[in-house]
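Work through the exercises below with the sequence and the coordinates open. Each task is followed by a solution in steps.

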Amino acid sequence: MMLSIRQQPFRAAVLVLVWGWLLFLVLAPNLLVVGTSVMTRNPGTFISMPLNLDAYRQLFNPLYLEVFIHSLYMAAMTTLVCLLIGYPFAWALSRVEKRRQMLLIFLLIVPFWTNSLVRTYALKLILATNGLLNQGLMSLGIIDEPAQLLYTEGAVIVGLVYLLLPFMILPLYSVFDDLRQDVLLASHDLGAGRFATFKNVIVPLTLPGVLAGVMLVLLPAMGLFFVPDILGGSRNLLVGNVIKNQFLDARNWPFGAAASIMLTVAMALLMFAHRLSKRRLGEEGA
Amino acid sequence: MTKTLLSLSGISKQFDGKTVVDELSLTIDDGEFITLLGPSGCGKTTLLRMMAGFELPDQGTVTLSGVDITQTPPEERPLNTVFQNYALFPHMSVFDNVAYGLKMEKRPKAEIRERVEEALAMVQLEDFSRRKPHQLSGGQQQRVAIARAVVKRPKMLLLDEPLSALDYKLRRTMQVELKRLQRELGITFVFVTHDQEEALSMSDRIVVLKDGLIQQLGTPREVYERPANVFTARFVGQTNFFPGRVTGIEDKRISVDVFGLNRVLGKPSFRVTTNQPLHVLLRPEDLRVLAPDDTEGVAGKIVERNYKGSTLDSVIELEDGSQVMASEFFDEDDPAFDYSIGEPVRVSWVDGWEWLLAEESDEPLTDEEELAADDAEH
């Protein structure tokens with residue numbers, strides 16, 4: 001039996017709140033970004049008519065294209081390193097005794113309580129020319145003079161991995177936790193060795209977690225502009241830096257908006273791939 | 001002519017210091033249907049997992065066709081398992097699930113196709129080969145699991161409570177189907193269950209287990225009609241225990257006092273002495289309910305009657321307060337048959353239908369106590 005809104009004030013309030021939230025804080029800002037991206041740059045009022053696609057054309061300017069490709073490369077490396085560390089980590093985590101698992105996950109989340117900007121500065125102190133790492137290596141006699149660690153591509157990737165690793169581990173942990181031991185035993189029972197079981201059963205069954213982790217690491221990795229600001233110097237820019245610069249320094253709002261739409265579209269494509277992989281396992285509509 | 005296929009000798013297994021299987025030895029013949037029967041925690045599943053190679057015994061050896069396979073990993077053992085919850089690969093179609101074992105053997109494509117189709121036809125699922133496991137019902141998933149295990153033509157099929165997740169009616173159908181498969185394939189089946197009815201109806205031989213020890217090994221008929229001890233008698237089927245005391249011993253017979261009644265019974269295989277207390281065991285279908293003025297039988301009164309269609313089950317309270325169950329075939333023409341609750345009656349049995357057991361120092365729990373202990377566990 002359907003109840004009218006009058007009879008269910010709480011239900012109505014929740015619906016209004018959720019829809020209101022989505023409309024005013026998600027849909028409207030995104031529409032504004034889309035709108036801005038097709039307008040003309042104006043030094044006085046930021047944007048003005050007429051509508052055009054110049055900003056999108058500018059995305060393919062070789063200068064920016066190079067920045068985007070380098071940004072994608074650094075984000076991809078970050079994702080790869082996170083995956084290489086996170087996959088075995090999550091696997092091992094799922095095999096630990098249940099009560100200890102909770103403690104380990106708690107420890108994984110603790111760093112979130114400190115602002116990521118502060119943590120990035122802490123990393124800067126470690127990587128600096130006379131920072132902890134260089135001093136340690138020199139006192140151990142491994143190197144004679146300080147190595148250039150800061151303001152390199154490597155430093156940016158280390159910073160991104162440090163900030164984003166938990167986002168890779170958590171979805172992977174969730175799929176490993178769901179992985180049933182008897183399915184692995186069945187694979188062995190049918191004649192598959194460790195490698196064949198890994199390739200034919202474990203990898204396909206943990207793929208949704210891999211894709212979720214990639215989604216949560218790859219795109220934020222392209223947007224975390226303060227990491228290159230602090231650790232990377234002028235040559236190792238992310239898409240996030242480009243967007244920030246267009247809005248705050250270059251005052252080219254349409255181009256900044258077009259660049260952020262590019263990131264949103266990339267995110268949507270990844271989410272689509274993730275959905276497809278889940279459907280293949282019958283986790284939806286089953 | 002039977003020959004030994006698998007033998008376990010002196011197998012022990014401990015988990016966290018708790019002994020689950022205790023120096024157990026067992027030989028399984030080629031082509032037989034053998035059931036490991038026991039309550040939860042009796043070690044039956046651990047025993048099966050050691051045959052499959054998922055667990056390694058702490059002590060003892062496992063031999064298959066004369067070859068020691070104690071340390072052989074599961075992927076190299078020519079045995080296959082049907083898991084309790086099917087353990088199908090959720091990301092593969094039915095066809096790929098069944099083909100998996102053959103692909104691992106690197107068989108040619110044409111042969112794989114032919115053998116998978118044959119296996120699916122055997123379990124009547126040939127039209128489902130392109131479905132995913134989650135698109136199948138529980139019974140269909142179970143049949144895929146069986147097809148996946150038999151397609152490799154193993155020497156032995158290990159089945160770990162394969163029917164426990166199915167509803168009663170489907171379970172009966174699958175029992176018949178499994179028996180048919182075993183006959184057609186001629187493969188040795190090792191079947192684990194806690195359901196004594198299932199064990200009785202399917203097995204060539206039953207191994208009754210408790211606390212990692214074999215309580216009895218025999219045909220279903222032996223286990224049911226001649227239980228080796230009180231545990232087996234209580235666990236397999238329903239049994240009435242009458243307290244008896246030996247009053248006289250002859251060559252082949254003994255006299256036993258049951259509630260003041262003297263009965264001359266066949267001499268049991270164990271040693272008896274005068275005045276020794278005994279259990280006189282009678283299955284419900286072996287008891288007869290008589291009118292109170294009858295000269296023979298033990299006096300009691302009806303406390304419960306259950307009409308079961310083909311039989312009428314009566315619970316009778318005896319003089320000492322203990323209760324026994326009698327299950328009689330319905331006979332509408334017998335006017336004396338229909339007793340009402342509270343009516344005094346006598347219960348008796350035909351000489352020779354009883355089974356005698358010595359009293360044990362550590363008598364197992366009764367059904368009620370066992371159920372209570374089970375509840376506390378979960």
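**Exercise 1. A hairpin pair in chain B**

In which sense do β12(B) and strand β13 (residues 261-266) of chain B pair, and over how many bridges?

Solution. First, the ground rules. This is a predicted model, where local features need pLDDT of at least 70, side-chain atom pairs count only at pLDDT 80 or more, and totals for chains, interfaces and linings use all residues; side-chain values use heavy atoms, with hydrogens and water left out. Residues are numbered from 1 along each chain as its sequence is written, while chains are lettered from A and ligands numbered from 1 in the order in which they are written.

Step 1. Fix the terms. Helices (H or I, at least four residues) and strands (E, at least two) are DSSP runs, numbered from the N terminus. Two strands pair if DSSP finds at least two bridges between them.

Step 2. Read the pairing. β12(B) and β13(B) pair in the antiparallel sense over 6 bridges. Asp257(B) stands opposite Asn262(B) in β13(B).

Step 3. Check the turn. The two strands form a hairpin with 2 residues between them. Phe259(B) in that turn has a positive phi of about 50°.

**Exercise 2. Extend the sheet**

Trace the open sheet that holds β12(B) and name its edge strands.

Solution. Step 1. Go back to strand β11 (residues 240-249) of chain B. It pairs with β12 (residues 253-258) in the antiparallel sense over 4 bridges. Arg245(B) has Asp257(B) as its bridge partner in β12(B). A hairpin through 3 residues joins β11(B) to β12(B).

Step 2. Move to strand β14 (residues 277-282) of chain B. 4 bridges join β14(B) to β20(B), and the two run antiparallel. Leu281(B) has the bridge partner Trp355(B) in β20(B).

Step 3. Write the order. The 5 strands run β13-β12-β11-β14-β20 (chain B), with antiparallel pairing. The edges are β13 and β20 (355-358) of chain B, each pairing on one side only. Neighbouring strands are turned by 40° against each other on average, direction ignored. Such angles run from 0 to 180 degrees between N-to-C directions, and axes are lines fitted to C-alpha atoms, for helices over the stretch in contact.

**Exercise 3. A second open sheet**

Why is one side of β15(B) and of β18(B) left without a neighbour in the sheet?

Solution. Step 1. Set out the order: 5 strands form an open sheet, β15-β19-β16-β17-β18 (chain B), with antiparallel pairing.

Step 2. Look at the edges. β15 (287-290) and β18 (323-329) of chain B each have a single partner strand, so one side of each stays without a neighbour. The twist averages 45° from one strand to the next.

Step 3. Inspect one pair. β15(B) is joined by 4 bridges to strand β19 (residues 344-349) of chain B, and they run antiparallel. Leu290(B) has Arg346(B) as bridge partner in β19(B).

**Exercise 4. Two helix crossings**

Classify the packing of α2(B) on α3(B), then of α3(A) on α9(A).

Solution. Step 1. Take the geometry in chain B. The axes of α2 (residues 94-104) and α3 (residues 109-122) of chain B come within 9 Å and cross at roughly 125°. That makes α2(B) oblique to α3(B). Angles under 35 degrees count as roughly parallel, over 145 as roughly antiparallel, 65 to 115 as roughly perpendicular and the rest as oblique.

Step 2. List the contact (heavy atoms within 4.5 Å). Residues of α2(B) including Phe95(B) and Leu102(B) meet residues of α3(B) including Ile112(B) and Val116(B).

Step 3. Repeat for chain A. Helix α3 (residues 62-95) and helix α9 (residues 194-223) of chain A pack at about 135°, with their axes 9 Å apart. That makes α3(A) oblique to α9(A). The contact includes Leu72(A) and Trp91(A) of α3(A), and Phe198(A) and Val210(A) of α9(A).

**Exercise 5. One residue, then the chain**

Is Gln142(B) buried or exposed?

Solution. Step 1. Locate Gln142(B): helix α4 (residues 138-150) of chain B.

Step 2. Apply the cut-offs. Buried means under 20% relative accessible area, exposed over 50%, partly exposed in between (1.4 Å probe, protein chains only). Gln142(B) has 0%, so it is buried.

Step 3. Find its neighbours. Not counting residues up to four places away in sequence, Gln142(B) touches Val82(B), Tyr86(B), Pro162(B), Leu163(B), Leu166(B) and Met174(B).

Step 4. Zoom out. Of the 378 residues of chain B, 51% count as buried. Chain B has 9 helices and 20 strands.
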